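The following exercises are to be worked through with the sequence and the model in view. Each task is followed by a solution in steps.

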Amino acid sequence: TGSLIIVANHQSNFDPPIIGTIMNDRPSKGIARKTLLDSKLLGAYISAFGVIAIKRGESDMVAIRKAIQELKEGRCVMIFPEGTRTKTGEMGEFQRGFWLLVKKSKAAVLPIGIDGAFDAYPMGSRPKLRGWIEAAAGEPITAEELLIKGEEDGIAFVRSKVEALMLRCRENISQRRSK
(Lines give C-alpha, C1' and ligand atoms only; values in the text may rest on other atoms or scores of the structure.)
Protein backbone atom coordinates (compact mmCIF):
# COMPACT_ATOMS: atom_id res chain seq x y z
CA THR A 1 0.00 0.00 0.00
CA GLY A 2 1.04 3.60 -0.37
CA SER A 3 3.23 5.31 -2.91
CA LEU A 4 6.01 3.31 -4.48
CA ILE A 5 8.84 4.06 -6.89
CA ILE A 6 9.53 0.93 -8.92
CA VAL A 7 13.20 0.91 -9.94
CA ALA A 8 14.45 -1.69 -12.43
CA ASN A 9 17.30 -2.37 -14.82
CA HIS A 10 16.44 -1.91 -18.50
CA GLN A 11 17.30 -4.72 -20.91
CA SER A 12 14.63 -4.48 -23.62
CA ASN A 13 11.25 -3.20 -24.73
CA PHE A 14 9.78 -6.20 -22.90
CA ASP A 15 10.70 -4.70 -19.50
CA PRO A 16 7.63 -2.52 -18.81
CA PRO A 17 5.11 -5.32 -19.46
CA ILE A 18 7.26 -7.75 -17.47
CA ILE A 19 7.14 -5.39 -14.51
CA GLY A 20 3.40 -5.03 -15.10
CA THR A 21 2.97 -8.77 -14.57
CA ILE A 22 4.88 -8.62 -11.29
CA MET A 23 2.98 -5.56 -10.12
CA ASN A 24 -0.45 -6.57 -11.44
CA ASP A 25 -2.13 -5.57 -8.19
CA ARG A 26 -0.39 -2.16 -8.16
CA PRO A 27 -0.76 -0.40 -11.52
CA SER A 28 1.92 2.17 -12.17
CA LYS A 29 2.70 5.00 -14.52
CA GLY A 30 6.00 4.57 -16.24
CA ILE A 31 8.41 7.36 -17.03
CA ALA A 32 9.46 7.15 -20.67
CA ARG A 33 11.33 9.38 -23.05
CA LYS A 34 9.05 11.76 -24.89
CA THR A 35 10.22 10.68 -28.36
CA LEU A 36 8.58 7.26 -27.85
CA LEU A 37 5.25 9.03 -28.24
CA ASP A 38 6.23 10.08 -31.80
CA SER A 39 5.48 6.56 -33.06
CA LYS A 40 1.76 6.29 -33.78
CA LEU A 41 1.41 2.66 -32.73
CA LEU A 42 3.81 2.64 -29.78
CA GLY A 43 2.74 6.13 -28.73
CA ALA A 44 -0.92 5.10 -28.62
CA TYR A 45 -0.07 1.90 -26.75
CA ILE A 46 2.01 3.49 -24.00
CA SER A 47 -0.29 6.51 -23.73
CA ALA A 48 -3.14 4.13 -22.92
CA PHE A 49 -1.17 3.13 -19.81
CA GLY A 50 -0.73 6.74 -18.72
CA VAL A 51 2.99 7.11 -19.35
CA ILE A 52 4.73 10.21 -18.01
CA ALA A 53 6.77 11.53 -20.94
CA ILE A 54 10.12 13.05 -20.09
CA LYS A 55 12.58 14.97 -22.26
CA ARG A 56 15.82 13.02 -22.20
CA GLY A 57 19.06 14.81 -21.46
CA GLU A 58 17.53 17.79 -19.71
CA SER A 59 15.89 18.62 -16.44
CA ASP A 60 12.20 18.13 -17.30
CA MET A 61 10.48 19.59 -14.24
CA VAL A 62 6.99 19.16 -15.74
CA ALA A 63 7.48 15.38 -15.93
CA ILE A 64 9.09 15.30 -12.48
CA ARG A 65 6.13 17.20 -10.99
CA LYS A 66 3.66 14.77 -12.63
CA ALA A 67 5.53 11.81 -11.16
CA ILE A 68 5.69 13.42 -7.71
CA GLN A 69 1.95 14.13 -7.87
CA GLU A 70 1.25 10.46 -8.68
CA LEU A 71 3.34 9.44 -5.68
CA LYS A 72 1.77 12.00 -3.34
CA GLU A 73 -1.62 10.51 -4.28
CA GLY A 74 -0.41 7.09 -3.10
CA ARG A 75 0.19 5.57 -6.53
CA CYS A 76 3.19 3.89 -8.16
CA VAL A 77 5.71 5.24 -10.64
CA MET A 78 8.03 2.97 -12.65
CA ILE A 79 11.46 4.22 -13.69
CA PHE A 80 14.53 2.73 -15.35
CA PRO A 81 17.35 4.81 -13.82
CA GLU A 82 19.91 3.76 -16.43
CA GLY A 83 18.02 6.12 -18.73
CA THR A 84 18.10 3.76 -21.70
CA ARG A 85 18.16 0.08 -22.58
CA THR A 86 21.46 -1.73 -22.23
CA LYS A 87 23.52 -2.32 -25.35
CA THR A 88 25.44 -5.23 -23.79
CA GLY A 89 23.05 -6.98 -21.41
CA GLU A 90 24.95 -5.59 -18.42
CA MET A 91 23.54 -2.96 -16.11
CA GLY A 92 24.63 0.64 -16.63
CA GLU A 93 25.12 3.42 -14.13
CA PHE A 94 22.03 4.92 -12.50
CA GLN A 95 21.16 8.52 -13.20
CA ARG A 96 19.94 10.67 -10.34
CA GLY A 97 16.34 11.23 -11.55
CA PHE A 98 14.83 8.58 -9.31
CA TRP A 99 16.69 10.10 -6.34
CA LEU A 100 14.86 13.37 -6.91
CA LEU A 101 11.55 11.45 -6.78
CA VAL A 102 12.57 9.80 -3.49
CA LYS A 103 13.66 13.12 -2.01
CA LYS A 104 10.56 15.06 -3.04
CA SER A 105 7.90 12.38 -2.48
CA LYS A 106 9.35 10.35 0.43
CA ALA A 107 8.00 7.26 -1.37
CA ALA A 108 9.46 3.80 -0.78
CA VAL A 109 11.57 2.22 -3.54
CA LEU A 110 10.91 -1.29 -4.85
CA PRO A 111 13.97 -2.74 -6.61
CA ILE A 112 13.31 -5.14 -9.49
CA GLY A 113 15.93 -7.09 -11.41
CA ILE A 114 15.34 -8.48 -14.89
CA ASP A 115 17.51 -10.83 -16.93
CA GLY A 116 17.09 -12.68 -20.21
CA ALA A 117 15.09 -9.87 -21.84
CA PHE A 118 18.23 -8.58 -23.57
CA ASP A 119 18.82 -12.00 -25.15
CA ALA A 120 15.19 -12.21 -26.28
CA TYR A 121 14.96 -8.65 -27.64
CA PRO A 122 18.25 -6.74 -27.82
CA MET A 123 18.21 -3.05 -28.69
CA GLY A 124 18.12 -2.42 -32.42
CA SER A 125 16.82 -5.86 -33.38
CA ARG A 126 13.57 -7.70 -33.73
CA PRO A 127 12.31 -9.82 -30.86
CA LYS A 128 13.48 -13.43 -30.96
CA LEU A 129 10.41 -14.55 -29.02
CA ARG A 130 12.28 -17.46 -27.50
CA GLY A 131 14.48 -17.97 -24.51
CA TRP A 132 14.15 -17.46 -20.80
CA ILE A 133 13.26 -14.18 -19.11
CA GLU A 134 13.08 -13.83 -15.38
CA ALA A 135 12.30 -10.94 -13.08
CA ALA A 136 12.43 -10.67 -9.31
CA ALA A 137 11.24 -7.99 -6.91
CA GLY A 138 13.17 -7.28 -3.76
CA GLU A 139 11.99 -5.80 -0.48
CA PRO A 140 10.79 -2.20 -0.49
CA ILE A 141 13.32 0.31 0.82
CA THR A 142 11.94 3.25 2.77
CA ALA A 143 12.76 6.77 1.68
CA GLU A 144 14.05 7.47 5.19
CA GLU A 145 16.61 4.65 4.92
CA LEU A 146 17.82 6.00 1.59
CA LEU A 147 17.85 9.67 2.52
CA ILE A 148 20.03 8.95 5.57
CA LYS A 149 22.63 7.45 3.22
CA GLY A 150 22.78 10.59 1.10
CA GLU A 151 22.44 10.86 -2.67
CA GLU A 152 25.58 9.10 -3.87
CA ASP A 153 25.43 6.21 -1.40
CA GLY A 154 21.63 5.95 -1.68
CA ILE A 155 21.77 5.62 -5.47
CA ALA A 156 24.60 3.08 -5.19
CA PHE A 157 22.61 1.12 -2.59
CA VAL A 158 19.51 0.87 -4.79
CA ARG A 159 21.65 -0.01 -7.81
CA SER A 160 23.33 -2.81 -5.82
CA LYS A 161 19.91 -4.22 -4.85
CA VAL A 162 18.69 -4.18 -8.47
CA GLU A 163 21.95 -5.72 -9.69
CA ALA A 164 21.80 -8.51 -7.08
CA LEU A 165 18.25 -9.35 -8.20
CA MET A 166 19.29 -9.30 -11.87
CA LEU A 167 22.23 -11.62 -11.16
CA ARG A 168 19.99 -13.98 -9.18
CA CYS A 169 17.66 -14.12 -12.21
CA ARG A 170 20.67 -14.77 -14.46
CA GLU A 171 21.77 -17.68 -12.25
CA ASN A 172 18.25 -19.16 -12.28
CA ILE A 173 18.13 -18.92 -16.09
CA SER A 174 21.58 -20.54 -16.34
CA GLN A 175 20.44 -23.43 -14.13
CA ARG A 176 17.29 -23.88 -16.22
CA ARG A 177 19.30 -24.01 -19.45
CA SER A 178 21.67 -26.63 -18.08
CA LYS A 179 18.84 -29.07 -17.32
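Throughout, a residue is called buried when its relative accessible area is under 20%, exposed when it is over 50%, and partly exposed in between (1.4 Å probe, protein chains only). The model is predicted, so local features need pLDDT of at least 70 and side-chain atom pairs count only at pLDDT 80 or more, while totals for chains, interfaces and linings use all residues. Residues are numbered from 1 along each chain as its sequence is written, and side-chain values use heavy atoms, with hydrogens and water left out.

**Exercise 1. The residue after helix 4**

Describe the backbone and the exposure of Lys 106.

Step 1. Locate the residue. Helices (H or I, at least four residues) and strands (E, at least two) are DSSP runs, numbered from the N terminus. Lys 106 follows helix 4 and is placed in the loop between helix 4 and strand 5.

Step 2. Examine the backbone. The phi of Lys 106 is positive, at about 60 degrees, although this residue is not a glycine.

Step 3. Classify the exposure. Lys 106 has a relative accessible area of 48% and is therefore partly exposed.

Step 4. Contrast the helix before it. The buried residues of helix 4 are Phe 98, Trp 99, Leu 100, Leu 101, Val 102 and Ser 105.

**Exercise 2. The sheet**

State the order of the six strands in the sheet, and identify the edge strands.

Step 1. Apply the pairing rule: two strands pair if DSSP finds at least two bridges between them. The six strands form an open sheet with mixed pairing, in the order 3-2-4-1-5-6.

Step 2. Find the edges. Strand 3 (52–54) and strand 6 (134–137) each pair on one side only, and these are the edge strands.

Step 3. Give the twist. From one strand to the next, the twist averages 25 degrees.

Step 4. Inspect the partners of strand 2. Strand 2 (residues 28–33) runs parallel to strand 4 (residues 76–79), and three bridges join them; here Gly 30 stands opposite Met 78. Strand 2 also pairs with strand 3 in the parallel sense over three bridges, and the bridge partner of Ala 32 in strand 3 is Ala 53.

**Exercise 3. Helices on the sheet**

Determine which strands helix 3 lies across and which strands helix 4 touches.

Step 1. Fix the terms. Contact means heavy atoms within 4.5 Å. Axes are lines fitted to C-alpha atoms, for helices over the stretch in contact, and angles run from 0 to 180 degrees between N-to-C directions.

Step 2. Treat helix 3. Helix 3 (residues 61–72) lies across strand 1 (4–8), strand 2, strand 3 and strand 4, and runs at about 150 degrees to strand 3.

Step 3. Treat helix 4. Helix 4 (residues 97–105) packs on the sheet and touches strand 1, strand 2, strand 4 and strand 5 (108–115). The direction of helix 4 makes about 165 degrees with that of strand 1.

**Exercise 4. Salt bridges**

How many salt bridges does the structure hold, and which residues are linked in a network with Glu 70?

Step 1. Recall the principle. Side chains of opposite charge can pair when their charged atoms come close. A salt bridge is a side-chain nitrogen of Lys or Arg within 4 Å of a carboxyl oxygen of Asp or Glu.

Step 2. Give the total: the structure holds nine salt bridges.

Step 3. Follow Glu 70. Its side chain meets that of Lys 29 in a salt bridge (3.4 Å, N to O). Glu 70 lies in helix 3 and Lys 29 in strand 2, so this pair ties together parts that are 41 residues apart in sequence. Glu 70 also forms a salt bridge with Arg 75 (2.7 Å, N to O).

Step 4. Compare exposure. Glu 70 is buried, at 10% relative accessible area, whereas Lys 29 is partly exposed at 29% and Arg 75 is partly exposed at 36%.

Step 5. Assemble the network. Lys 29, Glu 70, Glu 73 and Arg 75 are linked by salt bridges.

Step 6. Add another pair. Arg 96 forms a salt bridge with Glu 151, with the closest N and O atoms 2.9 Å apart. This pair links Arg 96, in the loop between strand 4 and helix 4, to Glu 151 in helix 7, 55 residues apart.
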